[in-house]
Amino acid sequence: MTEVAAVTAFWRELGLPGLVDIHTHFMPANVLAKVWAFFEDGRGPSGRAWPIIYRRPEEDRVALLRAFGVRTFSALLYPHKPGMAEWLNAWAAGFADRTPDALHSATFFAEPGAGGAGGYVAEAIGAGARLFKAHLQVGGYDPRDELLDGVWGLLAEARVPVVVHCGSGPSPGRFTGPGPISEVLARHPRLTAIIAHLGAPEYGEFLGLAERHRHVYLDTTMVFTDFLERLAPFPAALLPRLAAVADRVLLGSDFPNIPYPYLHQLEALARLDLGTPWLRAVCHGNATRLLGL
Ligand SMILES: [Zn+2]
């Protein structure tokens, strides 16, 4: 069976009309080339060569997601330095225009300047951005930075979710871990934060955050795959808590920056044995409700 046929069979058997993937990456070609080189050289998260099996032109990657039956996906992108986010957002707006099934995504950095991050974040929301990405490990900024207080407030008020990479995997950053983002959520309790990679490796702490804050979601990106199980295994003892937050777990894959087939993420979720209703919610229902799809 081809991978397309196998992915399609997966959601059909669940009785779903397709999948929603909250965590996929589309970026300007030169930025993506750098990300891929970083992974493939072995400088990436695993500390060893990480072959990108979906290293293909953008239109082929979009076509493949569509062939898989991913009805809606994101185009997450993020800066590693100041002065970059606004340019990324301009590219992302163009990508959203030519890709109607991609959620218009945007990002920010803790930076001063004319209007600072708040200025271009407000602009992106006004232009229709429906999902933001904040990468605390790559960006290396403190989410509690007062330069960002207005940004979190704008996102909370507009009810636009933000995917936050705040777990300390693959290697800790100065502001990763549950502490800093918890303080942001305490100040902005209505902020919809989607914790990337289920907070790996601090799964228990981030489950706790979701238990305490009803607007906190968890994405499954790479979690439970053979690849991540070797680096940051998900403790079986936490499965009942994962089942209990069934309405706030979202399918994410990290496509195309993954060293295994897309299908493997789906199989990794299925083999948890949390039941068909859980899988249906995670792979489709939760995201459609959250994003009003
Ligand atoms: Zn990612």
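Tryptophan 91 is buried at 19% relative accessible area, where buried means under 20% (1.4 Å probe, protein chains only). This is a predicted model, in which local features need pLDDT of at least 70, side-chain atom pairs count only at pLDDT 80 or more, and totals for chains, interfaces and linings use all residues. Residues are numbered from 1 along each chain as its sequence is written, and side-chain values use heavy atoms, with hydrogens and water left out.

**Exercise 1.** Determine how the rings of tryptophan 91 and phenylalanine 95 are arranged.

Solution. Start with the position: both residues lie in helix α4 (residues 85-98; helices are DSSP runs of H or I, at least four residues, numbered from the N terminus). They are 4 residues apart, about one turn of the helix. Next, take the total: the structure holds 15 aromatic pairs (rings of Phe, Tyr and Trp, its six-membered ring, with centres within 6.5 Å). Tryptophan 91 and phenylalanine 95 form a pair with 5.4 Å centre to centre and 10° between the planes. The pair is therefore stacked, as its planes are under 30 degrees apart. Phenylalanine 95 is buried as well, with a relative accessible area of 1%.

**Exercise 2.** Describe the coordination of the zinc ion.

Solution. First list the donors (N, O and S atoms within 2.8 Å of the metal, or 3.2 Å for Na, K and Ca; water is not among the atoms, so sites may look incomplete). His23 (NE2), His25 (NE2) and Asp254 (OD) coordinate the zinc ion at 2.0 to 2.1 Å. Then read the spacing along the chain, which is H-x1-H-x228-D. Last, check burial: histidine 23 counts as buried at 1% relative accessibility, and histidine 25 is buried at 2%.

Technical notes. Buried means under 20% relative accessible area, exposed over 50%, partly exposed in between (1.4 Å probe, protein chains only). Rings of Phe, Tyr and Trp (its six-membered ring) pair if their centres lie within 6.5 Å; planes under 30 degrees apart count as stacked, over 60 as edge-to-face and the rest as tilted. Helices (H or I, at least four residues) and strands (E, at least two) are DSSP runs, numbered from the N terminus.
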